[in-house]
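Colleague: I am new to this model and would like to learn how to read its features. May we go through them in turn?

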Number of protein chains: 2
Amino acid sequence: MRPAKTLERVIPIGTLAERTGVKVETIRYYEQVGLLPEPERSEGNQRRYGRAHVERLAFIKHARDLGFAVESIRTLLRLSDTPGMACDEAHAIAAEHLDEVRDKIARLRSLEAELARIATVCSGGVAASDCAVIEALADHSHCEHHSA
Amino acid sequence: MRPAKTLERVIPIGTLAERTGVKVETIRYYEQVGLLPEPERSEGNQRRYGRAHVERLAFIKHARDLGFAVESIRTLLRLSDTPGMACDEAHAIAAEHLDEVRDKIARLRSLEAELARIATVCSGGVAASDCAVIEALADHSHCEHHSA
DNA sequence: CTACAACCTGTAGCCACTACAGCTTCAAGA
DNA sequence: TCTTGAAGCTGTAGTGGCTACAGGTTGTAG
């Protein structure tokens, strides 16, 4: 007897989407940009995926969720495909991305501080000519933040 | 005698760019999407800006630096143009944006934590088959983070 | 008057999708 | 076996907020 549906050896794109949490259109996009290898096709030209695709797409999704750029993921996948290759490069990509994330957090925190200041002063209800939000945006003098 | 160049009443786009820190192309873009009103033109069809444009562009730049979407800025500008209008809306926009920024910070912090974990374990030099970065991305099991 | 920087318009590209139009295929029920 | 409707297909265009050209015109200092 054949295995239950959720354990089948080849699955269509919709099932792959469900199983990985990646949308159908996004899966086709990943194929188009060369992240996901082209799968076999049914007689009627529909994509049929196997276990390897599920794993690879899960890898991609995990990396995307962590904010890695598609270009970085391409490199990470290449590294994971060549097991003899040194891990230095993967480590460098992760470390660099971590730096970027930390930078982004720092910048957002300074935005948060200024926004909080602006939003607190103005509690609404006043005429716009006196609105602290508008005034704060119009007047750049007493703020020391930097461009994004 | 005429005033010094930096104090002139009408300025070309390049000077406006210098004075506000907004690139020439971006200024034209803001005009195109209706954030900055169309200025007068010279006889030769070149844009000539006045004091009001400098102020409005500074407002826009400040708001963009704070991460406000162009659409929000459009509303904020409209509010600042109608001085009788209540400030509630401006306050709501700022408060909502502050919420978004805080959300973003929270999400980035959880990314940071996982990236730090991944990057620390793997210090490079090992073969990719044993690389903690690759493994962590391939194996989703011991991580509880959520999609972006 | 000449040279050259600065300006002009319009279009295409960036990232990582997302949405749609207009078609074909698959699979389950009658 | 036939029908129906969900799911699949390709290709194109749109998102946001710019940025980067190409190929021309204007402004201005020497």
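Colleague: Which residues come nearest to DNA strand D?

Modeller: A residue is near a strand if one of its heavy atoms lies within 4 Å of it. Here 19 residues surround DNA strand D, and Gly14(A), Arg28(A), Arg47(A), Tyr30(B) and Arg64(B) come nearest. This is a predicted model, in which local features need pLDDT of at least 70 and side-chain atom pairs pLDDT 80 or more, while totals for chains, interfaces and linings use all residues. Residues are numbered from 1 along each chain as its sequence is written, chains are lettered from A and ligands numbered from 1 in the order written, and side-chain values use heavy atoms, without hydrogens and water.

Colleague: Which parts of DNA strand D lie within 4 Å of the protein?

Modeller: Of those atoms, 90% belong to sugar or phosphate, and the rest to bases. A backbone N or O atom of Gly14(A) lies 2.5 Å from a phosphate oxygen of the strand. For polar side-chain atoms, the distance to a phosphate oxygen is 3.1 Å from Arg41(A) and 2.8 Å from Tyr30(B).

Colleague: How is an aromatic pair described?

Modeller: A pair of aromatic rings is described by the distance of the centres and the angle of the planes. Rings of Phe, Tyr and Trp (its six-membered ring) pair if their centres lie within 6.5 Å; planes under 30 degrees apart count as stacked, over 60 as edge-to-face and the rest as tilted. The structure holds two such pairs over all chains. Tyr29(A) and Tyr30(A) form a tilted one, 5.9 Å centre to centre with 50° between the planes.

Terms used. Polar contact = N/O pair within 3.5 Å; in protein donor to acceptor, adjacent residues only side chain to side chain.
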